[in-house]
Amino acid sequence: MNMAVAPTRRLAVSPYARRLARERSLQLEALSGSGPGGRILAADVMGFVPAAVAAVSPELALPAATSSIAAPRIAAFATSVALAALKELLAALENSGRAFDIDDVLLRAAGRAFAEVPDAVVGEAAVALELAGRQVVFSMIPEVPLTSLRAMRLSALADSRDAAEKPAVLSLRMLPASGIRPVMMPLPPGRAMRLAVSSGTPGDHAECLLTVDAASIDEATAALWLSALKSTIEHPLRLFV
């Protein structure tokens, strides 16, 4: 006698979310998708919290040291970037009719850093620029000229759409001009790294803080990436090569 077999529901999962789940040894069936049609996104994996274990009597409870729930692996790196040479170059370019902002420079420098340290790329080599209440995602192709990046950024500013759900390895946050240095910044959902930059500190330099999900990118690779970014900004002619 033939028996009907119920079809197995196929989970809808974004490629980046599937990779993150595999790296964290998470079962996709345990995740709830927040995307269209229940699609599991990277943010669902990053924000997953294991269900609490049922309470047991103190006599049967295991010592705290044997807990199998690992603490989040977050690493942070800070550096001060000299801006004197960059400001001089940007002023000369502006006098010749080619104006650029620090946002354009950081996007270009991030692309160069990913090209020099490819191990820092998790999924797609893209950068999310944080704006007021939304994000704009740029595919960081190292060969994209600075003029093209600026045109792309200005076009994105005129568009009100939020691309926070698009995959990106890095989130870039420009802090308001002040004398305050960033010392800790949380990682946005679905991002393996977050770079906070404050260029309003006294003197010709910017304070940079890189927060990293060390489960996705190891600390040594993250430090190399930040060093490559710093070197590119401090030698700004490399931005045009």
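Trainee: How do you know that Arg173 forms a salt bridge with Glu130?

Mentor: Look at the gap: the closest N and O atoms of Arg173 and Glu130 are 3.9 Å apart. A salt bridge means a side-chain nitrogen of Lys or Arg within 4 Å of a carboxyl oxygen of Asp or Glu, so this pair makes the cut. Mind that this is a predicted model, where local features need pLDDT of at least 70, side-chain atom pairs count only at pLDDT 80 or more, and totals for chains, interfaces and linings use all residues. Residues are numbered from 1 along each chain as its sequence is written, and side-chain values use heavy atoms, with hydrogens and water left out.

Trainee: Which parts does the pair of Arg173 and Glu130 tie together?

Mentor: Arg173 sits in strand S4 (residues 170-174) and Glu130 in strand S2 (residues 126-131), so the bridge ties parts that are 43 residues apart in sequence. By the way, helices (H or I, at least four residues) and strands (E, at least two) are DSSP runs, numbered from the N terminus.

Trainee: Is Glu130 buried or exposed?

Mentor: Its relative accessible area is 15%. Buried means under 20%, exposed over 50%, and partly exposed in between (1.4 Å probe, protein chains only), so Glu130 is buried. Arg173, at 30%, is partly exposed.

Trainee: What makes Asp101 and Arg153 a salt bridge?

Mentor: Their side chains meet at 2.9 Å, N to O. This pair links distant parts of the chain, 52 residues apart: Asp101 is in the loop between helix H3 (84-95) and helix H4 (102-116), and Arg153 is in helix H5 (residues 146-157).

Trainee: Why is Arg153 called buried?

Mentor: Arg153 has just 6% relative accessibility, so it counts as buried. Asp101 has 34%, so it counts as partly exposed.

Trainee: What separates Lys230 and Glu234 in helix H6?

Mentor: About one helical turn, because they are four residues apart in H6 (residues 219-234). Their side chains meet in a salt bridge, at 3.0 Å from N to O. Both ends are partly exposed: Lys230 has a relative accessible area of 22%, and Glu234 has 24%.

Trainee: Which residues do salt bridges that share partners join into one network?

Mentor: Asp101, Asp104, Arg150 and Arg153. A search of the whole structure finds 12 salt bridges.

Trainee: What makes Asp213 buried?

Mentor: Its relative accessibility is 5%, so it counts as buried. Asp213 is in strand S6 (residues 205-213). Leaving out residues up to four places away in sequence, Asp213 touches Arg24, Met46, Arg73, Ile74, Leu187 and Ala192. A contact here means heavy atoms within 4.5 Å.

Trainee: Why is Ser198 called buried?

Mentor: Its relative accessible area is 0%, so Ser198 is buried. Ser198 lies in strand S5 (residues 193-198). From C-alpha to C-alpha, Ser198 and Pro182 are 7.6 Å apart in space, while 16 residues separate them in sequence.

Trainee: How many helices and strands does the protein chain have?

Mentor: Six helices and six strands, and along the sequence they run α-α-β-α-α-β-β-α-β-β-β-α. Of the 241 residues, 40% are buried. Among contacts between residues at least 6 apart in sequence, 66% join residues at least 24 apart.

Trainee: What is the pLDDT over residues 53-58?

Mentor: It stays under 50 there, and the model has one contact for that stretch beyond four places in sequence. Residues 65-70 are also below 50, with zero contacts beyond near neighbours in sequence. pLDDT is the predictor's confidence in each residue, from 0 to 100. Where pLDDT is low, the predicted coordinates should not be read in detail. For the protein chain, the mean is 81, and 82% of residues reach 70 or more.

Trainee: Which strand gives the most to the lining of the second largest pocket?

Mentor: S3 does, with five residues. Both S3 (134-139) and H5 supply at least two residues of that lining.

Trainee: How do the residues of the lining of the second largest pocket divide?

Mentor: Five are nonpolar, three polar and six charged. The recipe is that Ala, Val, Leu, Ile, Met, Phe, Trp, Tyr, Cys and Pro count as nonpolar, Asp, Glu, Lys and Arg as charged, and the others, Gly among them, as polar.
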